[in-house]
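Student: I have a protein model open and would like to go through it step by step. Can we begin with one pair of strands?

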Amino acid sequence: MMKKSNLKLALLFSLIAGAKAYGAIGAEIPLANADIGNQAYLSYYTEAGVQKLIQSNIVITRINASYNLALTPNREQTITAGSIAYFSHTLTNTGNIVDSYELTHGYDKTLTVYLDKNNNGVLDSDELTGTQILKDGKFPINSLNPGERTSLIIAVPTASGDEASLYKDKPITAKSIGYSVAGQLSKTATALETIYFQTGGNAIVYKAINKASATSEFEQEIVVSLKLANDDKTPTNIAELFKLTDELQDGFKYVPNSATFKNFEDGTVTALTDDDKDEIGNNSAPLKFEWNNLGKPNSTEKDKITFELPNGIPGNIQLSNPNGVLQFKVKVPINTKVGTISNSVKYEFEPFGTNTKLERESNAVNYEVLKYVRAKFDGMHIPVGNAGETLRFVNKFTNTANSAERYSITLSDQFFPAGTTFRLAMDSKQIGTEEGNHVERPIIDTNGDGKMDTGLVDPGEDNHVNVILYATLPINMPNPGSDYKIVKNATSTFKPDYNVKANDTLGTIKISTVDITNNTSLSEDPNSLGNGLGPERNPVTQISLNPGKVGNFVLHINNTSQYVDEQYSLEVSTKADFSDMALPAGVVVKFKQGGGAEVTKTEKITPGNSQRIDAEVTVAANTGAAVVPLYFRVTSLTTGSRDIKYDSLNINAVRSVQIIPNLTGETYAGGNIVYTHKVRNNGNVLEGDGKASSLNLKTTESIAQWKTETFLDVNKNGIFEPAIDIPFVDFATTNGLKAGEEVTIFARVFAPLGAVAGSTNRTTITPVITQGTYATTPTITSATDDTKILAEKLNIIKYQRLDPAAKWTTGLQKANSGDKIYYRIEVKNTGSDEARTLQLKDSIPFYTTIIYGVESILAPKYRITKADGSFEELTIPNLPTSGTRGDVVVDIPVLAPGATASMEFVVKINGVKGAVIEEESVN
């Protein structure tokens, strides 16, 4: 097939990248004033086997402005003397701040500079008006952003009598305008140009592509143009037996049957077949074209194009001639990874009459595969939740783009019950473990921008991470609904306007319930007396008492919810609706827990369990006979769940002192804790005045060396004030305890320094009452205080510095691109017991890579320092390869009290440190 077309006056040449194209700095090079920061975290297990997580402080390094540049590459051209040599160069702002430049040269003549405005690799007609650079003159290039590039063509004229030695290693120099520091060298970059002369025919091949860059989000098709020229002005000086070979690099795939050749004479376009056979253009000039992978659609070989002109290229075919163009198409497959695809053409020919084969290579064209962002984020549905339950939504996040990327994580559209609390975590592959083994960790800010993020996630299904949302439902929901939803947003840090969403949904929520039974719990007997929601129509249990006697109803408070630890208030009334809470004169009901202490509420009862509460009924002497209905009611202090049970007291026709309640608490070895108790006279006579009877308080400890002191609440405000409240054991000092009277006392419990972490001491406070003048033996009830020693206490601090001789700091520091940051993380056990199964982890910050084994930087190590100052230094087994990013992980089996674990490593800030290529003195 043949057709005619008009080819725009063009010069095809190499482009590293198009005019004002981005990509040299990239997302991983920090701009001026960018912050590099992150924090380490520690996981460990307590004595009780509970895992804890601690995060360190965040350290920040702020990046200084850096003025750097690159002018590439060095170029060589072979032409016929008297022709114009064209050199293509790319000027790149490799600094981290906007900069402008001055371009100068070392030729003894006038040059012309062209800018490629449309980034298509062709010197179009609207670009032919160049800007002359006179000898010692300057050409301005203004305002390039960090990573921005501009492509230049330098046109160098020659004369027919010139010698090649006049054109060897001539510099083109770009100088930074923004960098201006008195007494220091200016920042420059230089590319060298060399021209060689040849006679008898000189074949020139210029290669260009119609676009310099694009993302691989979709398959890209590119037109490759090879301009064939012979700048020898004598038509009979033919570049004979011309043959070119274009081996396409990975990322370029030839599009079958896309090749055409525009001949030298009249510009007729010939469509070429892909097999190796002679083809004839309209001027009867033979040619050959071959694609090596013809008929091999699944071949993994690189595509290779060969093109032959057996009759060669005629002389006086100048570069400005629109004819003599070989074109074909290539495609860049979808999801091709970020990077530069560089390609040039190798060719050979014989100058007319020489029988000498010359081998050359064309200019290289660079096609940049740009980064794009695309991801999948899977939501999760949980059918049923329960009040107080912590739900775990696991959302699979997959980077489906062509480069690693981090996504910030936020929550929105939180249509969950009021009072629901949320916590985020991450689950990703763990360094040093088997493939696919994921480890959960807290979600943190890995790039110092103040937002929680995924960290860098590599592309591909195998590299997915899980973003985990813990949602703890409120325990009190009077009217739970259904179809709850929360949206998790993942937003690209490279392209903030791109985000993906995962919807986490919950179907229904079950509320808490409670059931009061008599004598046995539901776990003991599902058919216990009183099971089910009350009140009942008839009394479940009835007891009979004589006046002056005490009876007991055995109540079991059963927490029949599934997830909420409940504590219930205890009430009694003679009315089913509790409209009147007063009991008949002479009848007293007291709720007591195991051990005899009076309570008004239960302990916390875990789901499916129960607590026995005794409803002690006291009938005063001389109380008349009666049947007294007693309705017992429990109400959750947290969820409001409630049950009523109906019992009754039949009164057929009194000395006691009690201390309440039983309490629990925690302190560290060597510390103390204060408990508040009530001492109550439940009898009807005066106790402890020193005459009628004596009443003293006695304390005993379950573990030796513990000690307890008791104090009287003098001003009756319920607050322990050491300066006011006096030590107290004998009630005679306050004239005794009257019938029905109660006073507040404080018990201050001291733990010895050597107390074992995790151990619990029980302090028992007992009222000691003498018989005195009374005939009746008193009833005594003690109180207990259980005090647990807290285990290990760990502190984690992260430090940084820019020089190994500087002091460690936690404060802000300023650094340049290319600098090194030294990090140190210290974990100290300030508790009294061992911490076990510790894992200390830090992530290499954004904008940096870990470095060791080069630049005199040793491999990272960690140190265990004992309390006596002796230490052991060990190699860190789990860390990224030098020059990469990842997690630095140290596993420590045991950290003794007073011991410190520390690890140190060094990272290098991405970018170029100092001037690029060359420096010259400031004028």
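Tutor: This is a predicted model. We start with strand S45, residues 610–619, which runs antiparallel to S44.

Student: How many bridges join S44 to strand S45?

Tutor: The two strands run antiparallel. One bridge partner in S45 is Ala615, which belongs with Phe591. The number of bridges joining S44 to S45 is six.

Student: In which order do the four strands of the open sheet lie?

Tutor: The pairing in this sheet is antiparallel. Strand S40 (514–518) and strand S44 (587–592) are the edge strands, since each pairs on one side only. The twist from one strand to the next averages 25°. The order is S40-S42-S45-S44.

Student: How many strands does the protein have?

Tutor: Helices do not add to the secondary structure, as their number is zero. The count of strands is 67.

Student: Is Ile724 buried, partly exposed or exposed?

Tutor: Ile724 sits in the loop between strand S52 (707–712) and strand S53 (726–727). Its relative accessible area is 38%. Buried means under 20% and exposed means over 50%, so Ile724 is partly exposed.

Student: Which residues form a nonpolar patch on the surface with Ile724?

Tutor: Together, the residues of this patch have about 230 Å² of accessible area. The partners of Ile724 are Val714 and Ile726.

Student: What share of the protein's residues is buried?

Tutor: The protein has 923 residues and exposes about 40600 Å². Carbon and sulfur atoms supply 50% of that exposed area. As for the residues, the buried share is 50%.

Notes: Residues numbered from 1 in each chain as written. Predicted model: local features only at pLDDT ≥ 70, side-chain atom pairs only at ≥ 80, totals over all residues. Heavy atoms only, no water. Buried < 20%, exposed > 50% of the residue type's maximum accessible area, 1.4 Å probe, protein only. Areas by Shrake-Rupley, 256 points an atom, 1.4 Å probe, with all protein chains shown as cover. Pairing = 2+ DSSP bridges. Axes fitted to C-alpha atoms, helices over the stretch in contact; angles between N-to-C directions. Patch = residues over 30% accessible without salt bridge, like charges linked within 9 Å, V, L, I, M, F, W, Y side chains within 5 Å. Salt bridge = Lys/Arg side-chain N within 4 Å of Asp/Glu carboxyl O.
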